[in-house]
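Open the model in your viewer, switch to a cartoon view and keep the selection box handy. We will go from stop to stop, and at each one I will say what to select and what is there.

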Amino acid sequence: MSLTDDTHYMSLALQLAERGLYSTHPNPRVGCVVVRDGEVVGQGWHRCAGEPHAEVNALNEAGDRAQGATAYVTLEPCSHHGQTPPCADALIDAGVARVVIAVTDTNPEVAGQGVAGLEQAGIEVVSGILEKPARELNNGFLRRMQGGRPWCRVKMAASLDGRTAMASGESQWITGPQARSDVQRLRARSAAIITGAGTVRADNPSLTVRPEELGDIGHKALPVAEPLRVVLDRNLTTPPDAKVITGSGQAVVVTTEDAIDATKAQLLRDNGAEVITVEPDERGQPHLRAVVDELANRQINEVLVEAGPALAGAALQSGIVDEFWLYQAPTILGSNARPMAALSLDTMAQQHRMAVMDRRIIGGDQRIILQPQH
């Protein structure tokens, strides 16, 4: 097949993979298309951890028509026994003649072994077709499999003059309903949400997901798991009956090793929260790199920070931020309102420069996705 054909069918496989955007955690989102004689004979995507992988679902649909076909897979087929058998073996057993892969797997248990097994079986393998969007779909998983931290996004809603709340703390609502629905989709794809105790005390947010606002990507057929809610709280001032503690899903309150208060911790545990300690940073607050390392150990691929200016600023200062999602409303809140990020900067050399990756209008607001230029 031509490069144009390979790109076309891989784009179909990526669309299938996106159906698992909210449901595959901690596994990657993967799609597969089986093509024979210019006809799509099988399609599949990974729905949930523990269920068959994309390749198996596509091969089951293709049946005998997979013999001599080309399989397009968005991630290198696995070569190890986990909760399901190796997908590389399934492709070999089905008799496919060619496998086109978007991105190779960074999981040490795979990492080229899937490709090697296919080639040893006499199957032609092509890699790197639409690699960039395939990598972006699973950037947290791919990094974590290399022993790294989760992919971390900071979300802020702000006015044209960069303000996130009035001086009193009043902030509902700066942006419109379409932007808030978009935030629901961002929450749903995140396996954990980090916030600060100050935000919990001021706003009492639930930080849960409203499935009815997620659109049509896969969620109607699958339950949407609630993200792990992580509250950074050195002095354990989070009310035990706060929504973030008592809501559906699991909450973790993080304090520091030198500041744990056993009585307050027990009250939070009695209401269903887990209380853990990490090392403090130079401000005496829970060290953000230690927090994200802990989340990586819990197989968290993507993290969303939803907090006030203090934590947003600390996240940027710590270097853990991979993307900054700014929802900007066409309004002005004035100089007395609160800023987006509390950063003590004195010179232009200290500025946090960002690159604009995407900009679009959502309802009456604009959404800008930026990447810090570390």
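Start by selecting residues 31–36 and 39–45: these are strands β1 and β2, paired in the antiparallel sense over 6 bridges. Keep in mind throughout that this is a predicted model. Show side chains and you can find Val 35 standing opposite Val 40 of β2. Now look at the turn: 2 residues separate the strands of this hairpin, and Asp 37 there has a positive phi of about 55°.

Next, add residues 70–75, which make up β3; this strand runs antiparallel to β1, joined to it by 4 bridges. Here Val 34 has Ala 71 as its bridge partner. Is β1 buried or exposed? Of its 6 residues, 5 are buried, so the rest of the structure largely encloses this strand.

Now move to the open sheet of 9 strands, with mixed pairing, and trace it in the order β11-β10-β9-β8-β12-β6-β13-β16-β15. Its edge strands are β11 (274–278) and β15 (354–362), each pairing on one side only. Ignoring direction, neighbouring strands here are turned by 25° against each other on average.

For a closer look within this sheet, select 323–328 and 365–372: strands β13 and β16 pair in the antiparallel sense over 5 bridges. Trp 325 stands opposite Ile 369 in β16.

The last part of the tour is about charge. How many salt bridges does a search of the whole structure find? There are 22. Select Glu 302 and Arg 29, whose side chains meet in one of them at 2.5 Å, N to O. The two are 273 residues apart, with Glu 302 in strand β12 and Arg 29 in the loop between α1 and β1. Glu 302 is buried, with a relative accessible area of 3%, and Arg 29 is buried too, at 8%.

Stay on β12 and select Glu 306 with Lys 155: their side chains form a salt bridge of 3.2 Å, N to O. Lys 155 lies in β6, so this pair ties together parts that are 151 residues apart in sequence. Then add Arg 187, which meets Glu 306 in a salt bridge of 2.7 Å, N to O. Arg 187 sits in helix α7 (residues 177–189), 119 residues from Glu 306. Both of these residues are buried.

To finish, select Arg 29, Arg 153, Arg 189, Glu 302 and Glu 323 together: salt bridges with shared partners join them into one network.

How values were computed:
Residues numbered from 1 in each chain as written. Predicted model: local features only at pLDDT ≥ 70, side-chain atom pairs only at ≥ 80, totals over all residues. Heavy atoms only, no water. Pairing = 2+ DSSP bridges. Axes fitted to C-alpha atoms, helices over the stretch in contact; angles between N-to-C directions. Buried < 20%, exposed > 50% of the residue type's maximum accessible area, 1.4 Å probe, protein only. Salt bridge = Lys/Arg side-chain N within 4 Å of Asp/Glu carboxyl O.
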